[in-house]
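Hi,

Here is the structure I promised to pass on. Have a look at it first, and then read my notes underneath.

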Protein chains: 2
Amino acid sequence: MKRTTISDIAREAGVSKGAVSYALNGRPGVSEATRSRITAIAARMGWAPSSVARALSGGRAGAFGLVIDRPAEVLAAEPFFMRLIAGIQHELGPGPTSLVLQVSPDHDTELEIYHRWHAERRVDGVLLIDLRADDNRLDVLASIGLPAVVIGEPLGRTDIPSAWIDDRAAIDEVLDYLVALGHRRVVRVAGPREFLHSRMRSAAFLAAAARVGLEAADVVHTDYSGESGAAAARRALVSALPPTAMVFDNDVMAVAALGVAQELGLSVPGQLSLIAWEDSLLCRLVRPALSAVRRPVGEFGALAVSLLRQVVTGASVSDACTSAPILVTRASSGPVCRDRPDVSPWASTADWFVPPRFP
Amino acid sequence: MKRTTISDIAREAGVSKGAVSYALNGRPGVSEATRSRITAIAARMGWAPSSVARALSGGRAGAFGLVIDRPAEVLAAEPFFMRLIAGIQHELGPGPTSLVLQVSPDHDTELEIYHRWHAERRVDGVLLIDLRADDNRLDVLASIGLPAVVIGEPLGRTDIPSAWIDDRAAIDEVLDYLVALGHRRVVRVAGPREFLHSRMRSAAFLAAAARVGLEAADVVHTDYSGESGAAAARRALVSALPPTAMVFDNDVMAVAALGVAQELGLSVPGQLSLIAWEDSLLCRLVRPALSAVRRPVGEFGALAVSLLRQVVTGASVSDACTSAPILVTRASSGPVCRDRPDVSPWASTADWFVPPRFP
DNA sequence: ATCCTTCGCTGATCCGGTTCAGTGGTGGAG
DNA sequence: CTCCACCACTGAACCGGATCAGCGAAGGAT
C-alpha cells in the first residue's frame, strides 16, 4: 500500500519536486496552467501531505496538546471536559492541526509531558487548564518556549493569553436573582481553593454579596466530589442560621446537596434554593430539576484554539472573552418561604443526622 | 531555544550520527563504553528524540487515532468516553505513542478522517468504536491498510481484532437476579438498533429471557437520550401488562425513567425495578440510587491499545476479553410487590399522561 | 539590438532521525 | 606469519516535504 508522495506527482507531471511543492501550497513560483495540472494529478493520485515530513522540514508539528490533570473518576463525572474537547475539535475542524490529548496523574508529570512534547516537537502549542494560584506551568512553558494559552481567567499576559468566561457577571446575575426572590443568606460551595477559577469566583461572590447587602454570605471550598458537596450542604443546613439558598461550583455537588435536603426533610425550593454551576443533563434529570448557570464551554475551547493559532505564529495576543454565561432557572430555585422560621425546625430533632449515602 | 539533536551529541562525543543512533536505541554496533558515554552526554544535553524525524524515517507516526462519531451533547452526557480515554491513556503511559482524538459529525466524515490520517501518516493505527451492523469502516480500513482494533464485540477477525466486554454474561446475571426477585415481565430499553453492541445485547437479552422462562420480555430501541428513554418507559408502564422491571442501555435513560415512574406514582423498587447499564455518578446520586452494571471501561480502552500495539507490528492477533462486568445493586431494584395487581391501577385514570419534562 | 527585469522552473540542501554498506583495526585460528 | 572473522565505527543515502539560489527564456524599456 504505497502512498503517493510529491516525488510521484513530480514524475507524473514531468516537473521537479520543488514545482509540485509550490503548486500544491498555493505559493508563487509556478504558472497557473502548471498549478492546475499538478493539482489535478495530485487529486487523481489521492495525495495528502505527510504530516510528519511537513513537520520535519517546516518545524511545525501540526498538533496542539492538552493535558488534563484530574483523576479519571472526576473526568468521567464532569461533562465539562468533553464539551471543551468537542469545542476544540470544532474549531480545529478538518484542518491540518490535530489534538493530542494526555491525561496526567499529577502536576509534576504534567510538566514532564510538556518537556517531552517540546523536545519531541510533537505539538506546536498547548492549552492550559485548571490554573492554580501558584502555578509554575506558565513559567516552565515560557522558559522552554512552548506556546500556550490559558483556558480560564484573564491574566493580562501577551505571551500566554487567556480565553475566559465572565463568571463574575454570572455570579452577579445569580445573586441579583436570589435577592429578588427574597434570599438573604446564601452559601457558595466552591471547588478546590488551589484552582484560580474557584478562587476568583469566590471573590466575585463575596463582592457581589456585599454589593447587594446579603445578611450572610459564606464560601466553603471542596474537592468537587459529590461527597464533599453533600457534607458542605449538611453542615450549612444544620447550622444555627442556615442559608436559604446555595450556589455550587458544579452540578455534581448541587445534586448531592439536593439529596441531603431531601434527607433533612427540607423542601426545595420552598425552604432551600439550589443553583448549580455548569448546566448538564444531570441538572435536568433530577427532581426537582436544578437551576444552573449555563456556560459556553464549547465556545471556550474554540476560542482558546483560535488564540493559540495566533500565538504560534509569533503574534502578541491579548485575552479574549467568550459570550456571556446565562442563568437557566428551573424548579430548584424560587422565592423564600415567608413563614419559614429563622431557626430550622429540624435542628431540635436528631433524625436528620443520616450517614452519607455516597460510597 | 535550540533543541539538541543527535548531531549535537555526535559532535560533542566525537563520533558519527550513526553511532549515536545505535547507542541511544540500544542496538548493537557500539561498544558498551561508547554507549554509556553517549548516553551520559545525551542526558546532560537534555536530548529527546524528535518524534517527527523518527516517524519520517521509521515510517511510524508514534500515535494512535480515535474518532468519536456522536453528537457533542451525548459525549458530554456519557461518562463512558472519558473513562475509555482515561484507560487508553493509562495503557499508552509516558511512552512514545500518543493519542490523537477527533470528534466527527457523521459517518462519512469519519471515513474521510481515516483516509486523511493514513495519507498524512499521522497515526499508526486506529481504535474503532460504536460498530454498526452494516459498518463499512472495517472494509475501508482494511483496503487502505490502516491497522485497527475494534472496541466492542468479537468479530473473529485476525486483521482487525476486537477488545470486548462480556455483556452477555452480565445480561444473564441481571436476568437471573431479576427472576430470583420474582420478576416475570421485563423490558429492555436499548440503544440505537444500528449499533452492533446494542443489537447483540438485545439478542442476549431475549435468549436469556427464554432461558429463564420470562412471561414477557420486550426490547425497545432508542437513541440513548433521556427523552427517548422516558418515552419508552412511559409507553411500557401504561400498557395493559406493564413490566415489573426495566433494564436500560445506559444511565441517562434509567434516570429519566425514574422520573417517569415518579410522575406515574409508581414506587421504585416497590412496583418497578430499574437497572442501568454503565454505572456512574448519576446512578449513585439520584434517589433511589440506581442498580447498575459496572463495566471495566478503562480496562476496555487499555486492552484495545495493547491489541493495536500488536497489530501495528504486523502480528496476527485474536480477540481479547476484559474482566467481567459486575452488577451493582442499589435501591432501585428489589423483589416484586406481591399485592400488585396485574393490570396497573393507574391505567384507568388519565392524569399520568404528563408531557415530557425534558426540553 | 541590447540590457534588464520578471517569470517559471530546476537542482540542491535541509530538517533529525534510521539504516546499511563499507572500512580499518584487532584477535584468534591455522 | 598469514588469513579471516568480527567488532566498532564511519559516511552516505533515505524518509517526504519546504525552501532557496540559480538559470534559461520571455518580455519590456531604451
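Below is what turned up, beginning with how to read the model.

This is a predicted model, where local features need pLDDT of at least 70, side-chain atom pairs count only at pLDDT 80 or more, and totals for chains, interfaces and linings use all residues. Residues are numbered from 1 along each chain as its sequence is written, while chains are lettered from A and ligands numbered from 1 in the order in which they are written.

Confidence first. pLDDT is the predictor's confidence in each residue, from 0 to 100. Chain A averages 87, and 94% of its residues score at least 70. Among the elements of chain A (helices are DSSP runs of H or I with at least four residues, strands are runs of E with at least two, numbered from the N terminus), strand 8 (residues 245-248) has the highest mean pLDDT, 97, and helix 5 (residues 72-77) the lowest, 79. Be careful with residues 340-359 of chain A, where pLDDT stays under 50. Where pLDDT is low, the predicted coordinates should not be read in detail.

Now the two copies. A turn of 180 degrees and a shift of 0.1 Å along the axis lay chain B on chain A with an RMSD of 0.1 Å (least squares on the C-alpha atoms of residues with pLDDT of at least 70 in both). That is the relation of a two-fold axis. The same surface serves both copies, as 100% of the contact residues of chain B recur in chain A.

What does the contact take from each chain? It takes 49 residues from chain B and 50 residues from chain A (in contact means C-beta atoms, placed from the backbone, within 7 Å). On the side of chain B that touches chain A, helix 6 of chain B gives the largest share, seven residues. Strand 2 (residues 98-103) of chain A and strand 2 of chain B run antiparallel and are joined by three bridges (strands pair if DSSP finds at least two bridges between them). There, A:V100 has B:V100 as its bridge partner.

Last, the DNA. DNA strand C has 25 residues around it, and A:G18, A:V30, B:G18, B:A53 and B:S57 come nearest (near means a C-beta atom, placed from the backbone, within 6 Å). Helix 4 of chain B gives the most to this surface, five residues.

Cheers

How values were computed: Contact = placed C-beta atoms within 7 Å.
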